Amino acid sequence: MTFDDLIVQTITPVSHNLGDFKVHRSLPSKGRTMVGPFIFFDQAGPAQIAPGQGIDVRPHPHINLATVTYMYEGAFLHRDSLGTEQLIEPGAVNLMTAGSGIVHSERSPDEDRAKVSKLSAIQTWLALPDRVEEMDPAFEHVSEGGLPVIEDGSARARVIMGTLWGETSPVTTYADTIYADIQLAPGGRIAIDPSADERALYVSGGDAALDGMTLTPQTLYVLRPGTSATLMSVDGGRIVLCGGEAFSSPRHVWWNFVSSRTDRLMQAREDWEAMRFPLIPGDDQEYIPIPQGRPKTVSYP
């Protein structure tokens, strides 16, 4: 099987230097907006944060999407306008459903600021299907022990969302979704089945190959629908598998807003400028303003 038989698209992320760490953004891109419901895919870090420093993602709004935070190293304290206050640590997942509108912040916990700390995470957004775009906002947290893990000695995969390898995650899905954290020891391998409409692989660390063809780290590979393949590693690697059902209607992105309607994006922009979104209890003294000009996250019609 050739590379083109397996891979329909290769996306090199745009990297943003945020001072203490880098973010590699694969979606949305000029070549592709979505893979299944995934409309935003970031790898944050890895980074080492000096004592007295920390990450402060100030309060900001979202609509018509669900955010998924999955930590490799370090921790975030999530707060939102529902009154949620939740620490997320490695192996756990935070699912925040924005629906009609929510505001949240993510900050380093105080105990991490007092010492040298590390940060490494995958952050994604999932577009919501038309029928639930304007649902009531919601939040759920599933701890490391609550997510199913498949192991066979040289391969270990945690099912973050959906059903894979015969195991189903308890995390809520609004569209058919697959999402997994795969860790391969040297010589490890695992089958990637063709069940989802759209699938992608992302090597976040180490090395990996698909049916013997080398995959470049920090690159998103969109797999050809219907193909089965084996993911393998020579020296050990960590890989994200994501995807799900193909959306029948397009989604538009502007800054932190996602919607099937461009007028809804502009309404959200006006609402944030006028501070009509709800505030976060205990974190209402700061906020991220609407960007002037073209924001870093936009769709590419």
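Start with the charges in this predicted model: select the 24 positive and 38 negative ones in the chain, and you will find that their mean positions lie 5 Å apart.

Next, show the whole chain as a cartoon. You should see three helices and 26 strands. The radius of gyration is 19 Å, close to the 19 Å that the globule rule gives for 301 residues, so the chain is as compact as a globular protein of that length. Turn the C-alpha trace along its principal axes, and it spans about 55 × 45 × 35 Å.

Now switch on the surface. Its accessible area comes to about 12600 Å², with 47% belonging to carbon and sulfur atoms. Beneath that, buried residues account for 56% of the 301 in the chain. If you like contact maps, take the contacts between residues at least 6 apart in sequence: 71% of these join residues at least 24 apart.

Time to zoom in. Select residues 38–49, which form strand S4, and pick out glutamine 43 within this strand. Is glutamine 43 buried or exposed? Glutamine 43 has a relative accessible area of 1%, and because buried means under 20%, this residue counts as buried.

Keep glutamine 43 on screen and show side chains. Which side chains make polar contacts with the side chain of glutamine 43? One is that of tyrosine 202, at 2.7 Å, and another is that of glutamine 218, at 3.1 Å.

Finally, display the rest of the surroundings. Leaving aside residues up to four places away in sequence, glutamine 43 touches Lys22, Val23, His24, Ala121, Ile122 and Ser204, as well as Tyr202 and Gln218.

Definitions and conventions. Residues numbered from 1 in each chain as written. Predicted model: local features only at pLDDT ≥ 70, side-chain atom pairs only at ≥ 80, totals over all residues. Heavy atoms only, no water. Helix = DSSP H or I, 4+ residues; strand = E, 2+ residues; numbered from the N terminus. Buried < 20%, exposed > 50% of the residue type's maximum accessible area, 1.4 Å probe, protein only. Polar contact = N/O pair within 3.5 Å; in protein donor to acceptor, adjacent residues only side chain to side chain. Contact = heavy atoms within 4.5 Å. Rg over C-alpha atoms; globule rule 2.2 N^0.38 Å. Areas by Shrake-Rupley, 256 points an atom, 1.4 Å probe, with all protein chains shown as cover. Lys, Arg positive; Asp, Glu negative; His and termini not counted. Charge placed at Lys NZ, Arg CZ, Asp CG, Glu CD.
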